[in-house]
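Please look over the fold and the nonpolar core of the protein shown here. The questions and answers below take these in turn.

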Amino acid sequence: DGEWKFSLESVKKLKALMDENSHINPRMVVSKAGYSLCDDKDLPEEFQPVCKREDAPAIFERLNLAVGEDYLCEICANAACAGCF
């Protein structure tokens, strides 16, 4: 994502965390708006520098979209790779 480079496994973990958070029960005391991925203890360490930026939510959303298509093979999902036919 721009100047940022992350491992595919970490981005998949990020997606899993974002998917879990999108299904929060509305009766919970903590609102979704008050939740930050950066506060999640399961967030991979390599995302900590992103958390220091104001645009962290936008970066996380773009990364989530990058691995959001289940039908893409992992090789083709990476723009730097080629090989799926």
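Q: What pattern does the protein follow, read along the sequence?
A: This is a predicted model, where local features need pLDDT of at least 70, side-chain atom pairs count only at pLDDT 80 or more, and totals for chains, interfaces and linings use all residues. Residues are numbered from 1 along each chain as its sequence is written, and side-chain values use heavy atoms, with hydrogens and water left out. The protein has four helices and zero strands, taken as DSSP runs (helices H or I, at least four residues; strands E, at least two) numbered from the N terminus. The pattern is α-α-α-α.

Q: Which elements give two or more residues to the largest nonpolar core?
A: A nonpolar core is a set of buried Ala, Val, Leu, Ile, Met, Phe, Trp, Tyr and Cys residues joined through side-chain atoms within 4.5 Å. The largest one has 15 residues, and Phe6, Leu14, Phe47, Val50, Phe60 and Leu63 have the most contacts inside it. The elements asked for are helix 1 (8–21) and helix 3 (56–66).

Q: Is Leu14 buried or exposed?
A: Leu14 lies in helix 1. Buried means under 20% relative accessible area, exposed over 50%, and partly exposed in between (1.4 Å probe, protein chains only). With a relative accessible area of 0%, Leu14 is buried.

Q: Which residues does Leu14 touch, not counting residues up to four places away in sequence?
A: Contact means heavy atoms within 4.5 Å. The C-alpha atoms of Leu14 and Leu37 are separated by 8.5 Å, and the two are 23 residues apart along the chain. The residues touched are Leu37, Leu43, Phe47, Phe60 and Leu63.
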